[in-house]
Amino acid sequence: MENRLTTSSIVTKPLTPRYPVIIKDPTNKDVISNFRLGDHFLALGVTTVLTSGYYYSTYLHKPSTILWGAFILPTMYVLSGERVSQRLKGVKENQKDCAKYGIEFTQNITPYNL
């Protein structure tokens with residue numbers, strides 16, 4: 001006999017986004033086309049700071065610093081892309097994106113998404 005308590009959740013939370021949904025399931029093309037200048041600055045700035053810190057903490061060891069930078073740069077762009085995706089899905093604040101797509105910006109405040 002199947003135990004109902006272990007196979008399904010008792011408490012369910014409705015998935016209502018806090019901000020307007022622009023694209024429900026954005027593709028990579030949608031995400032890349034909606035990058036803002038601040039998203040690029042975040043990726044490049046954090047990469048620069050982390051790589052510079054690594055460079056000086058390893059006493060100017062260039063080969064490992066290049067490898068470190070080659071790892072951090074794509075990682076930071078993936079994280080920036082995730083932020084863009086969350087804006088398009090309505091999880092993060094997206095007032096500028098709503099203006100770009102001609103969607104009215106309203107904030108949905110319920111006890112489930114505070």
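**Helix 3 against helix 4.** I looked up what the buried residues of helix 3 pack against, and the partner is helix 4 (62-89). The model is a predicted one, and I read the entries below with that in mind.

I then listed the buried residues of helix 3: Asp 39, Ala 43, Thr 47, Thr 51 and Tyr 55. They sit on the same side of helix 3, because the arc they cover around the axis is only 120°. In an α-helix, residues three or four places apart point the same way, since there are 3.6 residues a turn. For the other side of helix 3 I noted Leu 37, Phe 41, Val 49 and Tyr 56, which are exposed.

**Length of helix 3.** I checked the span from first C-alpha to last. Helix 3 covers residues 37-57, 21 residues in all, and reaches 30 Å. That is close to the 30 Å expected at 1.5 Å a residue. Just after helix 3, I found Tyr 59 with a positive phi of about 60°.

**Arg 83.** Which residues does Arg 83 touch, not counting those up to four places away in sequence? I found Asp 39 and Leu 42. Arg 83 itself is in helix 4, and Asp 39 is one of the buried residues of helix 3. The C-alpha atoms of Arg 83 and Asp 39 are separated by 8.2 Å, with their positions 44 residues apart along the chain. I logged Arg 83 as partly exposed, because its relative accessibility is 39%.

**Arg 36.** I placed Arg 36 in the loop between helix 2 (28-33) and helix 3. Its relative accessible area is 24%, so I logged Arg 36 as partly exposed. Leaving aside neighbours within four places in sequence, I found Arg 36 in contact with Arg 87, Asn 94, Lys 96 and Asp 97. What joins the side chains of Arg 36 and Asp 97? I found a polar contact of 3.0 Å. I also noted the C-alpha to C-alpha distance from Arg 36 to Val 84, which is 8.4 Å for a separation of 48 residues in sequence.

**Nonpolar core.** Val 84 came up again when I looked for the largest nonpolar core. That core has seven residues, and the others I wrote down are Ile 22, Ile 23, Val 31, Phe 35, Leu 88 and Cys 98. Nonpolar side chains tend to be buried together in soluble globular proteins. I followed Cys 98 further: apart from neighbours within four places in sequence, Cys 98 is in contact with Pro 20, Ile 22, Ile 103 and Phe 105. Of these, Ile 22 is listed in the core as well.

Technical notes
Residues numbered from 1 in each chain as written. Predicted model: local features only at pLDDT ≥ 70, side-chain atom pairs only at ≥ 80, totals over all residues. Heavy atoms only, no water. Core = buried A, V, L, I, M, F, W, Y, C linked by side-chain atoms within 4.5 Å. Buried < 20%, exposed > 50% of the residue type's maximum accessible area, 1.4 Å probe, protein only. Contact = heavy atoms within 4.5 Å. Helix = DSSP H or I, 4+ residues; strand = E, 2+ residues; numbered from the N terminus. Expected span 1.5 Å × (residues − 1). Arc of directions from axis to C-beta. Polar contact = N/O pair within 3.5 Å; in protein donor to acceptor, adjacent residues only side chain to side chain.
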